[in-house]
Amino acid sequence: MNKTVGNNLKILRKAKSMSQEQVADHLKISQSAYARMERGESTSWATHFDRICQVFEITPEELVRKETAAESYGRLVNSNQRTEQLMLSVYQEILKKYELQIEDLKTIVNHLKEGINKKGFTTK
């Protein structure tokens, strides 16, 4: 079990682009103690179980799940890609709305210019 959890910890940490020291700081332990957890040499991960799940934003089942590193990493990458795609589509919708508002404002400005010209004022 220690090897499985250790492997998962390493994969999760790398997926979050965190160093061992950063994770250790979140857990309020030394970097060397965290490194022992990743290597499967320590059972202290059980003491920090809840906090580990919070740091990596995972369920307890995901921490102890036995799967290959490639499967686990692939699942995390796919999740990140889906999140990025969703955010991109939201940003595109926001941009479309602003572009429409800009076009509306251009039309209003042109109408105002035409009205000023009809009254005999000059515009620059």
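Let me begin with a term: a residue counts as exposed when its relative accessible area is over 50%, and as buried when that value is under 20%. With that in hand, hello everyone, and thanks for coming. The model I'm showing today is a predicted one, so please keep that in mind as we go through.

I'd like to start with a residue that fits the first half of that definition. K28 has a relative accessible area of 73%, so K28 is exposed. You'll find K28 in the loop between α2 and α3. Its backbone is worth a look too: phi of K28 is near 60°, a positive value in a residue other than glycine. As background, most residues other than glycine have a negative phi.

K28 has company here. S17 also has a positive phi, about 55°, although S17 is not a glycine. This serine lies in the loop between α1 and α2. Buried or exposed, then, for S17? S17 is exposed, with a relative accessible area of 65%. And while we're on phi, a glycine joins in: G40, just after α3, takes a positive phi of about 80°.

Now let's step back to the whole chain. There are 6 helices and 0 strands, so from the N terminus on the elements read α-α-α-α-α-α. Of the 124 residues in the chain, 27% are buried. The chain exposes about 9100 Å², and 55% of that comes from carbon and sulfur atoms. If you look at contacts between residues at least 6 apart in sequence, 59% of them join residues at least 24 apart.

Next, the helix I'd like you to follow on the screen, α3, which covers residues 31-38. Which of its residues are buried? They are A33, Y34, A35, M37 and E38. Those buried residues pack against α1, α2 and α4.

Let's take the neighbours in turn. Helix α2, residues 20-27, packs on α3 at an angle of about 105°, and the two axes are 8 Å apart. The angle lies in the range of 65 to 115 degrees, so α2 and α3 are roughly perpendicular to each other. On the α2 side the contact uses Q20, E21, V23, A24 and L27, and on the α3 side Q31, Y34, A35, M37 and E38. Sorted by class, this contact has 6 nonpolar, 2 polar and 2 charged residues.

The other neighbour is α1, residues 2-15, which packs with α3 at about 115°, with the axes 7 Å apart. Here N2, G6, N7, L9, K10 and R13 of α1 meet Y34, M37 and E38 of α3. By class, the contact of α1 with α3 has 3 nonpolar, 3 polar and 3 charged residues.

Two residues of α3 deserve a closer look. Leaving aside residues up to four places away in sequence, Y34 touches L9, R13, Q20, V23, A24, L27, I29 and F56. The second is E38, a residue of helix α3. For the charged-residue fans among you: E38 is buried, with a relative accessible area of 9%. What does E38 touch, not counting residues up to four places away in sequence? The list is G6, N7, L9, K10, R13 and Q20. One more spacing for E38: T4 is 34 residues from E38 in sequence, yet the two are 9.1 Å apart in space, C-alpha to C-alpha.

That brings us to the core. In soluble globular proteins, nonpolar side chains tend to be buried together. In this model, the largest nonpolar core has 19 residues, and those that touch the most other members are L9, L27, Y34, M37, I52, F56 and L63. The elements giving two or more residues to this core are α1, α2, α3 and α4, where α4 is residues 49-56. Which element gives the largest share? That is α4, with 5 residues.

To wrap up, if you rotate the model yourselves, try starting from Y34, which touches L9, L27 and F56 among others, and then move along α3 to buried E38. Thanks, and I'm happy to take questions.

Definitions and conventions: Residues numbered from 1 in each chain as written. Predicted model: local features only at pLDDT ≥ 70, side-chain atom pairs only at ≥ 80, totals over all residues. Heavy atoms only, no water. Axes fitted to C-alpha atoms, helices over the stretch in contact; angles between N-to-C directions. Helix = DSSP H or I, 4+ residues; strand = E, 2+ residues; numbered from the N terminus. Parallel < 35°, antiparallel > 145°, perpendicular 65-115°, else oblique. Contact = heavy atoms within 4.5 Å. Nonpolar A, V, L, I, M, F, W, Y, C, P; charged D, E, K, R; others polar. Buried < 20%, exposed > 50% of the residue type's maximum accessible area, 1.4 Å probe, protein only. Areas by Shrake-Rupley, 256 points an atom, 1.4 Å probe, with all protein chains shown as cover. Core = buried A, V, L, I, M, F, W, Y, C linked by side-chain atoms within 4.5 Å.
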